[in-house]
Amino acid sequence: MKNVINETTIQLGVCYYPEHWPEKLWEDDFRRMKEMGFQYVRMAEFAWTIFEPIEGTFEFDLFDRAIQLAKKYDLKVIMGTPTATPPAWLTDKYPEVLNVSREGVRYHHGSRRHYNYNSEIYRTLSKRIVTEMVEHYKDNPTVVGWQIDNEINCEMNVFYSEADHTNFRNWVKEKYQTLDNVNEAWGTIFWNQTYTEWRQIYLTRPTVNDSYNPHQLLDEKRFISDSAISFVQMQADIIRSITDKQWVTTNGMFGHLDNHRMTKEALDFYAYDSYPNFNKIIEDNSFMPLRDRKWSLNLSTVRSFGGNFAIFEQQAGPGGWVNRIEQPTPRPGQLRLWTYQSIAHGADLVLYFRWRTATKGSEIYWHGINDYHNLPNRRISELKQTSEEMQKLGSAIFDSKYVADAAILTDYENEWDGEEDKWFGQFIGESKEAWFKAFQYHHIPVDIVNVTQNMALETLIKYKVLVYPHAAILTEKTANLLKGYVEQGGTIIFGARTGYKDLTGQTYMKAFPGYIKDLVGITVEEYTLLNGWQKNPYVNLFDNQLNTHGFNEVLQPEADNVEVIGTYQNAHYEGKPALTRRKVSEGTAYYYGGVFDYQTAALILEDVEISDYRSKFTLTPDIELAVREKDGEIVYILLNYSQEAQTIYLKVDMENLLDHDITSGDVTMAAYDVLVLKEK
Amino acid sequence: MKNVINETTIQLGVCYYPEHWPEKLWEDDFRRMKEMGFQYVRMAEFAWTIFEPIEGTFEFDLFDRAIQLAKKYDLKVIMGTPTATPPAWLTDKYPEVLNVSREGVRYHHGSRRHYNYNSEIYRTLSKRIVTEMVEHYKDNPTVVGWQIDNEINCEMNVFYSEADHTNFRNWVKEKYQTLDNVNEAWGTIFWNQTYTEWRQIYLTRPTVNDSYNPHQLLDEKRFISDSAISFVQMQADIIRSITDKQWVTTNGMFGHLDNHRMTKEALDFYAYDSYPNFNKIIEDNSFMPLRDRKWSLNLSTVRSFGGNFAIFEQQAGPGGWVNRIEQPTPRPGQLRLWTYQSIAHGADLVLYFRWRTATKGSEIYWHGINDYHNLPNRRISELKQTSEEMQKLGSAIFDSKYVADAAILTDYENEWDGEEDKWFGQFIGESKEAWFKAFQYHHIPVDIVNVTQNMALETLIKYKVLVYPHAAILTEKTANLLKGYVEQGGTIIFGARTGYKDLTGQTYMKAFPGYIKDLVGITVEEYTLLNGWQKNPYVNLFDNQLNTHGFNEVLQPEADNVEVIGTYQNAHYEGKPALTRRKVSEGTAYYYGGVFDYQTAALILEDVEISDYRSKFTLTPDIELAVREKDGEIVYILLNYSQEAQTIYLKVDMENLLDHDITSGDVTMAAYDVLVLKEK
Amino acid sequence: MKNVINETTIQLGVCYYPEHWPEKLWEDDFRRMKEMGFQYVRMAEFAWTIFEPIEGTFEFDLFDRAIQLAKKYDLKVIMGTPTATPPAWLTDKYPEVLNVSREGVRYHHGSRRHYNYNSEIYRTLSKRIVTEMVEHYKDNPTVVGWQIDNEINCEMNVFYSEADHTNFRNWVKEKYQTLDNVNEAWGTIFWNQTYTEWRQIYLTRPTVNDSYNPHQLLDEKRFISDSAISFVQMQADIIRSITDKQWVTTNGMFGHLDNHRMTKEALDFYAYDSYPNFNKIIEDNSFMPLRDRKWSLNLSTVRSFGGNFAIFEQQAGPGGWVNRIEQPTPRPGQLRLWTYQSIAHGADLVLYFRWRTATKGSEIYWHGINDYHNLPNRRISELKQTSEEMQKLGSAIFDSKYVADAAILTDYENEWDGEEDKWFGQFIGESKEAWFKAFQYHHIPVDIVNVTQNMALETLIKYKVLVYPHAAILTEKTANLLKGYVEQGGTIIFGARTGYKDLTGQTYMKAFPGYIKDLVGITVEEYTLLNGWQKNPYVNLFDNQLNTHGFNEVLQPEADNVEVIGTYQNAHYEGKPALTRRKVSEGTAYYYGGVFDYQTAALILEDVEISDYRSKFTLTPDIELAVREKDGEIVYILLNYSQEAQTIYLKVDMENLLDHDITSGDVTMAAYDVLVLKEK
């Protein structure tokens with residue numbers, strides 16, 4: 001991001017809504033932002049009616065004044081395009097711009113993101129407001145960049161307005177050219193769904209039993225992603241056609257959206273909204289739950305979109321809407337910890353959400369740094385300290401790269417197909433999280449890597465270990481890629497249900513696991529889905545008896561050098577293979593016929609050859625280790641997620657970059673504390 | 001009520017539907033009612049089509065004959081206006097009179113209360129049927145009063161028909177005069193909801209995520225209440241314009257309705273429908289649950305509407321619709337007990353629902369006194385005995401006043417705002433019930449008092465103790481009122497989340513707890529919502545370690561004479577203040593930074609100075625004590641809610657008004673038994 | 001069925017979809033079917049667009065070729081009429097043929113069974129396609145029969161399209177002739193629902209609280225059943241008017257359908273779709289749950305429709321749609337066991353569903369005999385063995401009759417009324433299953449018998465014992481029939497809530513249990529519904545203390561010879577009668593004032609005189625015994641549902657019809673094994 005934002009140190013900032021507050025408060029607010037060491041302020045992303053109070057009439061005074069004041073306090077301004085919240089006059093006059101439920105209920109004014117991406121009039125009016133805004137601010141040096149819309153696909157990520165149905169029909173026509181191709185791809189021969197005229201094509205509509213054609217549904221999600229990207233691209237094109245001095249991004253990370261493609265094609269960098277305290281409203285009864293540390297997985301995913309990134313909304317207090325999302329207050333130290341978590345994973349610019357808690361509307365419990373009353377509080381102090389530390393760190397971390405020898409593979413095809421498909425879909429998330437835990441608790445940094453049909457082997461071979469848990473959809477091309485990876489010395493680990501589907505979501509007429517059969521050297525003889533409430537078989541792995549859940553595949557070695565390293569117990573397939581390992585050229589391919597949990601993943605990880613940092617540290621499980629590299633220099637960031645102090649051991653002399661002390665041996669990290677170390 | 005109903009003793013009666021039964025049964029039914037000592041019979045509230053079988057054609061024969069026969073057996077008749085159930089011809093011809101869901105689904109003929117209050121044609125047709133009925137019966141001396149409609153806002157208390165949207169727009173226009181005022185009150189600057197033309201104003205409509213503008217939603221509830229009251233008022237005005245010899249009431253107690261205002265403005269007295277056996281279908285796992293005794297809280301609320309009241313539907317057996325509300329059969333003694341419960345709390349007239357169990361329709365399990373088969377049963381015997389006891393009591397209780405030195409404050413603003421707002425709404429009901437329990441189990445009579453913006457200090461100063469648990473919305477005016485109350489010697493107790501909102505539901509830009517800060521002498525330094533499934537802090541009150549739940553506020557004394565009498569434990573705010581007490585002039589103000597449960601309320605109650613009746617009785621917790629006063633004479637009513645006999649101790653000689661024995665010392669009350677005592 | 005299908009041995013076959021597969025696979029598929037010993041193949045039931053790709057244009061080539069090939073391998077073909085899945089061109093052009101939810105949401109193309117039975121245009125188009133198909137295949141000797149539509153009333157069994165509302169209005173008019181009669185039957189006087197014009201009559205429409213007129217709802221279900229039957233009858237009439245060489249059936253068993261009447265009036269025999277592995281997705285926490293053995297109850301019900309029957313879909317592997325119905329894999333032996341289960345209960349023809357697992361569409365997890373990949377598997381071997389055993393059995397079982405001395409009575413009136421009515425409805429299924437368990441675990445074969453208003457006493461008197469658990473609706477006519485049955489020496493057992501309703505679902509104005517009062521000699525003095533989460537009374541039966549649940553009726557003997565053989569405990573009606581027995585002429589009538597569970601049913605069963613097979617066998621509970629008779633010869637079928645081997649004891653010499661060994665004494669049956677025995 002260095003070239004884009006043109007900074008040398010980690011930048012902090014905040015989201016601010018001048019239009020919400022009495023103008024007399026503005027200057028004091030900006031002054032205090034500067035005092036806290038903030039350099040950036042985001043504004044205007046929900047202000048369409050301020051800019052265009054009447055259709056076709058544009059006004060900029062309010063924000064001009066605010067930007068002028070921001071400038072006075074050396075703040076750089078990020079402007080949001082306001083398309084996430086159309087004005088009341090717009091949706092009232094053009095109700096066709098609104099999103100509609102599958103059942104036909106139209107979503108109205110009163111919340112946000114109630115528009116659809118495909119309405120022609122909405123595109124026209126969006127183009128106009130964006131053009132007007134960029135033309136107005138293109139030469140304002142205080143305005144350094146643009147956030148397009150706000151949290152694309154948040155709130156709702158399905159769309160069934162008339163415009164969506166129509167554009168989907170065109171999308172299908174363009175993709176498939178002929179109805180025969182559509183019928184083939186969607187398997188319409190089943191249940192006599194064959195289409196005989198283009199006008200019969202729709203997005204999924206209400207059916208009995210809420211069961212939809214699964215292949216059509218997969219294309220529906222591709223279409224939604226394409227629609228969203230095209231809406232963002234439209235805005236990015238406008239901005240770039242008017243100015244090359246202001247960068248372009250958008251913020252979020254929500255479903256039914258190929259963020260990788262969007263980032264590559266439309267954005268200068270990606271901005272994520274990081275609220276780790278959501279963990280407090282999601283009960284997690286798994287073994288050694290990640291809790292707020294799960295946001296490290298999210299941040300790793302964000303990093304995969306396009307390298308280093310920004311945080312445009314970093315949690316700054318308790319969160320909640322009036323009627324949902326009841327998040328308790330973060331404990332002392334957590335806001336700072338989460339800021340470092342973002343930075344550790346690749347954030348070079350972090351804006352807190354928001355400056356002051358809203359006194360009106362749905363988000364009066366989504367706390368800003370300041371409370372309603374604007375009086376001093378612990379959050380202000382904590383973030384002031386954090387800001388001061390950024391100065392101390394100087395350029396040490398900014399624009400450095402996260403270092404990882406392992407990666408978990410993901411892809412949109414399986415994610416989207418798996419949303420509907422209960423025979424593998426839920427296992428993807430479970431196993432991904434289980435493996436992430438295993439890497440985290442072993443202090444082995446890990447990347448997320450997105451698999452595409454045209455990816456290069458180079459993207460993979462920099463990793464020593466890949467985990468690709470339940471890629472039901474797996475093409476011959478991908479199988480060849482992975483074979484190439486293993487042959488060059490890589491280690492890959494697969495889970496149950498791999499490789500039985502093609503890109504339409506139809507099943508191959510091939511022995512399981514499809515095109516990777518020759519790589520892993522097994523076929524699947526017998527298999528069964530498992531019910532949660534029935535007694536499930538055990539699996540014996542490396543002399544440990546572990547539970548299985550979700551799915552069991554009985555593996556049948558088909559090659560000489562397949563080693564059976566795990567077997568089932570307590571089932572009619574007792575003693576049969578559950579986990580195999582096969583050496584292929586210089587590499588190794590594992591196949592596990594089950595769904596991973598932390599324990600299985602951890603045992604397999606211990607069997608795998610991968611470098612770790614045990615020569616540098618002895619760490620407790622509660623500590624996350626992130627390793628960053630820049631110009632050949634390594635910086636270690638240690639994050640304590642526990643509410644208890646943790647004693648760790650440094651085996652080599654390290655410099656603490658926050659106080660420049662040199663230290664080694666036993667070090668105690670306070671609850672929620674952070675260390676940034678460099679080997680001396 | 002004495003002046004209104006013109007009686008001198010508690011009156012009993014029953015609901016009867018002559019139109020449902022073969023006419024040959026009527027006389028025997030009325031004769032048996034008289035034999036049971038009943039004096040009142042309610043009829044006609046669902047009989048629109050009987051009166052107006054064809055639009056504009058009116059017939060009265062059926063009810064004329066029934067009333068004639070009732071008169072023969074000395075029964076006074078209460079007539080219901082039939083607007084709760086429009087005829088099929090009406091809704092078929094004018095479907096716009098029907099209520100509609102927020103999503104646009106129209107509710108049709110087939111149940112009841114499917115109309116809306118704002119349809120012009122429904123108002124016109126309702127006026128006509130009411131006028132016709134009152135004109136017909138105005139001179140019939142057997143008809144003593146009118147019940148308007150039936151259970152206003154029962155079944156459904158939200159309305160989204162076109163007429164409702166239109167009238168809401170007018171209501172908003174009248175309330176706010178300008179769109180700027182609307183935008184300010186509803187905080188529409190948030191998420192760009194700003195309205196620029198009146199035609200953009202609607203009741204809440206479907207939004208993504210079911211999250212609505214909370215300030216609009218608060219006004220929506222005010223509008224619903226106003227609509228309902230205006231519909232009742234319209235009917236009351238008709239009746240009063242035609243006759244001054246028949247009184248006017250309505251029955252129920254349901255949501256989104258300012259019953260206080262309705263009673264004051266439109267009714268002669270309020271009539272409640274009391275079904276304590278609903279407790280059997282609501283699982284209550286709290287400590288020492290109130291069960292059927294919770295209806296004493298309901299009855300106390302009803303009493304607050306306008307003093308003594310009627311019961312128009314007193315439970316007379318098992319209850320249930322065909323497909324919902326499965327209530328078991330009351331045990332022997334409970335029907336009598338619940339009758340006394342109503343009387344103890346202020347009922348001067350009690351009608352049982354219903355004479356005979358319906359043999360058809362949705363309510364065939366809502367048992368009347370008689371079963372379908374009309375054979376003798378235990379319920380008949382029990383209510384016959386109860387009726388005879390009323391004769392024995394004579395005028396001792398009738399029109400006497402409930403005596404209480406304590407009150408729990410409630411108000412509609414917080415109740416309605418709290419329905420949507422999860423950050424305080426649910427706590428209101430929990431804490432109200434906790435405090436009611438504390439008063440009940442300490443045998444301290446308590447009132448409910450409704451707070452309004454124009455209430456007089458006199459209304460409050462007759463109480464020694466007030467509890468106002470979580471008044472998030474609390475104006476400067478109310479704060480001054482409560483300050484005045486304390487300064488005059490009163491004791492008041494507040495709970496968490498007090499005072500941070502104004503009448504729009506927006507938050508003040510003030511330190512918590514807003515305008516009462518100076519009264520209680522604290523501000524709130526730190527706070528957090530608590531999740532049910534996480535480990536919550538404890539609180540230490542008077543050397544008791546108690547659980548907290550829902551919310552924790554850490555209190556910061558801001559005045560010298562603030563005493564910290566409770567502190568948190570097991571949190572990062574361990575040892576910090578949780579409960580404070582402050583003397584102000586002659587009075588005392590408590591602030592508890594949590595949600596009350598029975599244990600916390602009971603401990604605080606023991607710290608408070610309030611008179612009780614321990615000099616008269618030693619009672620067990622299962623006994624409710626109600627104290628009634630009339631012409632300077634005190635009557636004690638003791639109610640045993642337990643299925644076990646209870647031994648109590650009378651410390652002074654008492655006369656049992658049911659058998660006129662004088663007694664003192666140990667007295668055993670049988671299961672579900674009742675004592676009515678007067679000190680000798 | 002012998003006369004209809006004209007076979008002499010049990011026939012096996014399979015469902016096949018030639019249109020789904022590359023034509024090059026067909027011949028190999030048919031050849032392998034023949035190798036497996038299959039004689040029948042079903043096809044074409046979802047192939048409308050294949051036959052009529054354009055409205056009015058018909059093509060038969062594809063199926064002509066497939067049938068030709070089937071013939072080559074001696075397979076008989078059953079053709080399905082394709083009306084379960086209308087073509088896209090049809091629903092697009094005539095959307096009025098679609099089914100609609102009660103709330104007005106139309107169900108669209110994308111699943112199956114989205115049409116309604118009452119659309120005139122759908123009937124016209126259905127007639128045409130059926131006529132065309134039957135005309136085309138009427139002289140093809142390979143085509144032996146027709147399956148009408150597919151799984152009538154599956155997926156959804158309520159219908160609210162405009163055509164349904166209109167036809168319901170006509171149906172009501174025809175049934176009741178006058179609105180007075182409708183008003184009387186539906187009890188519309190309640191809540192002023194009186195209809196004054198025919199145009200006001202609709203199927204139930206949305207109401208507040210989802211509470212509908214229960215009598216109207218009962219007629220609604222009768223109407224749905226009549227609509228479905230009329231649609232099937234229409235097709236049957238076409239087939240029979242064109243050919244008398246091909247038989248007619250339909251398949252399924254779903255709700256809101258009088259299968260008895262449909263089978264009698266429209267079909268040559270009934271075909272059931274048997275998927276016992278559904279038990280794996282229905283958690284059953286009752287005592288000694290039936291699990292897959294519950295399908296024996298289903299099969300007994302099917303047998304009651306019209307004697308021996310076919311299975312058109314016999315489970316052949318794991319089952320599941322993409323997004324629902326996640327069934328684990330059957331264990332080795334279960335597919336064979338379930339085939340015998342069908343045969344034991346009366347199946348003479350069994351088709352497996354399906355030949356090969358679908359590779360596309362919603363049912364890719366509804367496994368066929370073959371996997372997607374067509375490689376050998378355990379299911380193929382197991383069904384091959386089963387097929388060979390059919391040859392060994394020869395004509396021994398085919399067309400034999402199931403022998404039972406006991407029957408459980410059921411009827412549609414109570415089933416349908418009970419769907420809405422929570423005061424008895426759920427008890428019917430619970431008690432039926434409890435009694436079926438009791439018979440099963442005592443190895444006493446039992447029939448299901450459907451009670452109708454015009455049934456003959458002969459239908460009943462062949463049984464020694466009848467159980468009619470909770471017939472709330474019970475007419476005088478039925479009461480007289482049952483009285484006649486008992487007087488002739490029969491034993492009958494009733495449960496709580498018997499006899500209080502008439503055919504409209506309204507209650508009698510009679511003492512409970514209505515018209516059977518004189519037969520059982522009791523009335524019900526007191527009763528209560530029981531809540532699941534409250535402490536329920538016990539009942540003492542034959543010195544066993546058992547739990548009660550659901551309902552308690554306190555019985556009051558009204559005749560001299562009523563014996564009280566069970567009493568309540570731990571309630572205010574402690575010691576009062578719960579179970580009575582009364583001798584009437586030669587017979588006996590039991591009345592139990594509760595809901596049956598296995599334990600109560602088993603104790604009563606032991607008190608009843610009924611022949612069993614203890615002189616022939618000692619069996620374990622896990623073994624089902626079915627007894628079949630043909631030409632005076634008895635064949636015993638023993639089925640082991642356990643995953644453990646079971647040792648049984650034969651007290652007489654038996655011939656094992658599968659290997660023709662003679663055996664007696666201890667015999668060990670392997671897990672899931674089957675024995676077919678004949679006494680020597």
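Which strands of chain C does helix H19 lie across? Keep that in mind as you go through these notes on a predicted model.

1. Let's settle the opening question. Helix H19 of chain C, residues 598–607, lies across E14, strand E16 (538–541), E17 and strand E21 (587–592) of chain C. Against E17(C), the helix runs at about 145 degrees.

2. Now look at the sheet itself. In chain C, nine strands form an open sheet in the order E12-E11-E13-E14-E21-E20-E19-E16-E17, and their pairing is mixed. Its edge strands are strand E12 (446–450) and strand E17 (544–547) of chain C, each of which pairs on one side only. From one strand to the next, the twist averages 20 degrees.

3. For a closer view, pick one pair of neighbours. Strand E13 (residues 465–468) and strand E14 (residues 491–494) of chain C run parallel and are joined by four bridges. You can find one of the partnerships by eye: C:Val465 has C:Thr491 in E14(C) as its bridge partner.

4. Let's move to chain A. An unreviewed UniProt entry lists A:Glu151 and A:Glu313 under "active site". They span 163 residues in sequence, yet no two of their C-alpha atoms are more than 10.5 Å apart, so they gather at one spot.

5. Where does A:Glu151 sit? Its place is the loop of chain A between strand E4 (143–147) and helix H7 (162–176). A:Glu151 has 19 other C-beta atoms within 10 Å, and because a residue needs 20 or more to be buried and 12 or fewer to be exposed, it is partly exposed. Apart from neighbours within four places in sequence, A:Glu151 is in contact with A:Ala84, A:Asn251, A:Gly252, A:Phe254 and A:Asp273.

6. Is A:Glu313 buried or exposed? A:Glu313 counts as buried, because it has 23 C-beta neighbours inside 10 Å. This residue belongs to strand E8 of chain A, residues 309–315. Leaving out residues up to four places away in sequence, A:Glu313 touches A:Cys15, A:Asn251, A:Asp273, A:Ser274, A:Leu351 and A:Phe353. Try checking the two contact lists against each other: A:Asn251 and A:Asp273 appear in the list for A:Glu151 and in the list for A:Glu313.

7. Finally, step back to whole chains. Two copies of a chain are related by a rotation about an axis and a shift along it. Chain B is superposed on chain C by a rotation of 120 degrees with 0.0 Å of shift along its axis, at an RMSD of 0.0 Å. That is the relation of a three-fold axis.

Terms used: Residues numbered from 1 in each chain as written. Chains lettered and ligands numbered in written order. Predicted model: local features only at pLDDT ≥ 70, side-chain atom pairs only at ≥ 80, totals over all residues. UniProt positions renumbered as here; feature names shortened; annotations may be inferred. Helix = DSSP H or I, 4+ residues; strand = E, 2+ residues; numbered from the N terminus. Contact = placed C-beta atoms within 7 Å. Least-squares fit on C-alpha atoms with pLDDT ≥ 70 in both. Pairing = 2+ DSSP bridges. Axes fitted to C-alpha atoms, helices over the stretch in contact; angles between N-to-C directions.
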